[in-house]
Amino acid sequence: MTNFSYFKRIFHGQHLSSPKLLVLCSLSSGGLIAYADSPSDVVGESKTSVNNQIETKRRKRVLVLGTGWAGTSFLKDLDISTYDVQVISPRNYFAFTPLLPSVTCGTVDARSIVEPIRNIIKKRDGEIKYWEAECLKVDHESKKVLCRSNIDSNLVGSNEFSLEYDYLVIAIGAQVNTFNTPGVLEHCHFLKEVEDAQRIRRTVIDCFEKAVIPGLTDEERKTNLHFVIVGGGPTGVEFAAELHDFVHEDLVNLYPSVKDLVSISVIQSGDHILNTFDERISSFAEEKFQRDAIQVLTGHRVLSVSERMIDMKAKSTGQNVSIPHGMVVWSTGVGTRPVVKDFMEQIGQGYRRVLATDEWLRVKGCDDVYALGDCATVDQRKIMEDISTIFEAADKDNSGTLTVEEFKEVIEDIIIRYPQVELYLKNKHLFDVTDLLKDVNGNDREEVDIEGFKLALSNVDKQMKSLPATAQVAAQQGAYLARCFNKREKSKIEPEGPRKFGSDGRHDFRPFQYRHLGQFAPLGGEQTAAELPGDWVSMGRSTQWLWYSIYASKQVSWRTRFLVVGDWSRRFMFGRDSSRI
């Protein structure tokens with residue numbers, strides 16, 4: 001019994017005076033061998049080993065703000081084995097925003113275009129921590145982020161918390177830009193989030209249900225059924241087209257008494273709708289809308305919006321015009337969120353309208369903060385700012401002149417560092433970079449001095465353009481930054497970027513360069529216009545099927561891919577659902 005108690009204390013981890021123990025027991029069915037070292041020695045050595053590993057292998061904390069196109073793309077491609085990754089976002093899902101106009105009219109269900117963010121991050125090797133909360137403030141000095149959960153406050157526990165970071169990735173997108181127009185926030189719908197699309201859908205049904213109530217005059221019915229879209233960009237035009245199809249393919253059959261009272265208007269401050277597209281597409285869209293009886297009011301600026309009226313000014317005549325409305329959708333661009341504005345004030349960018357980053361997506365003035373997507377803009381450096389240092393670096397013999405051979409040795413690094421040079425060559429149809437050194441008459445020159453070099457590149461910076469606030473740009477930026485993070489240690493030994501003009505060495509990475517893969521503009525009636533790489537333009541029904549295939553393939557998961565294709569098929573067979581849910 002004494003021996004049994006002794007063994008019992010051993011297996012329960014109690015300390016014994018004996019430093020070591022070796023037990024061999026022979027049983028009829030087998031054998032048992034037990035070995036015990038001194039408990040104090042084992043625990044001490046174990047703690048020391050673990051602490052050393054923690055100190056030497058502590059991973060850098062990467063805090064990502066946002067689960068939109070930029071943030072999700074970054075998380076999908078990031079190698080998290082070398083980082084401690086944390087994500088903050090008030091949306092616990094990723095939304096395929098290009099299909100939001102389809103959600104407003106029931107062509108696609110809202111749940112078909114969203115994928116829970118936890119489904120995306122759980123597929124990674126390792127762990128990505130996610131918290132459903134909103135970022136309230138970024139404290140750059142202490143490298144902390146203050147957050148607040150928007151979950152029901154009736155639940156126990158505090159809603160506010162803070163997180164520390166080593167690297168911060170800001171990808172929280174932008175908010176709607178109202179241009180401080182009176183009444184917009186109170187009386188207009190927006191189309192930035194899934195919830196916005198669902199509200200628009202319910203309002204459209206409400207407008208029709210109200211219009212068929214007995215006792216209303218025809219004028220009141222017309223007002224309720226006048227749908228106004230402010231903004232002639234891709235989102236506004238696509239929503240107008242979706243709404244037209246919804247009305248004329250589905251709702252007029254359900255509300256036949258008011259089918260002749262429905263009207264749709266698009267208000268655009270510019271001279272044409274879709275003015276960022278090729279002129280042929282813009283003209284095609286305007287002609288298509290004219291055939292569909294969608295009123296396009298170009299050259300009109302909205303002055304104010306009230307509960308039932310929208311006031312605007314015609315630029316051509318200078319007259320003020322007021323029209324009644326049942327619903328207004330405001331789609332006129334994006335603005336900076338308050339939390340980003342506050343951060344800009346901290347780092348000396350308060351005078352800017354948008355958070356500025358360098359060509360490596362690093363926030364200017366912050367080595368450990370990056371910004372992606374709609375919340376930031378890439379501030380491309382002008383080549384004329386570095387023209388003297390470029391000339392000195394290329395002039396190896398310090399002769400004061402630059403030969404063609406010397407220019408060829410640095411031109412590749414110049415094109416990588418200043419992408420506007422390549423755009424200039426394409427626009428001027430220059431097939432050889434040495435054509436830049438030709439004189440004004442187009443004659444070859446064997447060498448140029450500093451003034452001739454400045455003259456040759458003086459018009460290059462005019463090709464610089466800000467990147468559009470699109471999902472395509474945000475996704476490419478997220479993937480690019482993930483590759484930079486994955487190669488961070490390797491690039492310190494083997495830098496892959498262009499040479500540093502004015503100093504020794506090379507940049508760790510190549511700067512971000514956006515590749516435009518084309519853009520679509522669905523115009524209703526199973527017709528779509530597309531602007532494709534290589535200055536190709538395609539319009540019509542065949543382009544609509546190209547749109548179907550590309551948007552289906554771009555879904556973030558096979559689940560959403562099947563759901564979206566299923567919704568399209570359901571709409572073809574049964575029409576759109578008009579229930580108010």
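The lining of the second largest pocket divides into seven nonpolar, three polar and six charged residues. That makes 16 lining residues for this pocket, and those nearest its centre are Asp109, Ala110, Arg111, Gln198 and Ile581. Helix H7, residues 194-211, supplies the largest share of the lining, with four residues. The volume of the second largest pocket comes to about 400 Å³. Keep in mind as you look around that this is a predicted model.

So how far can you trust what you see? The pLDDT averages 89 over the protein, and 90% of the residues score at least 70. Residues 1-43 are another story: pLDDT is below 50 there, and the stretch has 26 contacts in the model beyond near neighbours in sequence. Residues 47-56 also stay under 50, and for them the model has one contact beyond four places in sequence.

Now step back and take in the whole chain. The protein has 19 helices and 28 strands. Of its 581 residues, 46% count as buried. If you take the contacts with a separation of 6 or more, 62% of them come from residues 24 or more positions apart.

Next, the enclosed spaces. Rolling a probe the size of a water molecule over the atoms shows where empty space is left. How many cavities of 30 Å³ or more turn up in a search of the whole structure? The search finds two.

Start with the largest cavity, which has a volume of about 160 Å³. It is lined by 17 residues, and the closest to its centre are Glu242, Asp245, Glu526, Gln544 and Arg571. Three elements give two or more residues to this lining: helix H9 (234-254), helix H18 (541-553) and helix H19 (558-574). Of the lining of the largest cavity, H9 provides the largest share, four residues. Sort the lining of the largest cavity by class and you get five nonpolar, six polar and six charged residues.

H18 deserves a closer look, since you have just met it at the largest cavity. This helix has 13 residues and reaches 19 Å from its first C-alpha to its last, close to the 18 Å expected at 1.5 Å a residue. Which residues of H18 are buried? They are Thr543, Gln544, Trp547, Tyr548, Tyr551 and Ala552. Gln544 also belongs to the group closest to the centre of the largest cavity. As for what covers the buried residues of H18, the list includes the helices H4 (100-104), H9 and H19. The cover also includes three strands, E26 (519-522), E27 (528-532) and E28 (536-540). H9 and H19 therefore turn up in two roles, lining the largest cavity and covering the buried residues of H18.

Finally, move to the second largest cavity, with a volume of about 40 Å³. Its lining consists of Leu65, Cys135, Val138, Ile170, Ile172, Val339, Val340 and Phe343. Strand E8 (134-139) and helix H11 (338-346) are the elements that give two or more residues to this lining. H11 gives the most, with three residues. What classes do the residues lining the second largest cavity fall into? Eight are nonpolar, and there are no polar and no charged residues among them. Set that beside the lining of the largest cavity, with its six polar and six charged residues.

Methods. Residues numbered from 1 in each chain as written. Predicted model: local features only at pLDDT ≥ 70, side-chain atom pairs only at ≥ 80, totals over all residues. Heavy atoms only, no water. pLDDT = per-residue confidence, 0-100. Contact = heavy atoms within 4.5 Å. 1 Å grid on protein atoms, 1.4 Å probe; cavity = no way out; pocket = protein on both sides within 12 Å on 5 of 7 lines; lining within 4 Å. Points joined across faces, edges and corners; volume = space filled by probe spheres on them. Nonpolar A, V, L, I, M, F, W, Y, C, P; charged D, E, K, R; others polar. Expected span 1.5 Å × (residues − 1). Buried < 20%, exposed > 50% of the residue type's maximum accessible area, 1.4 Å probe, protein only.
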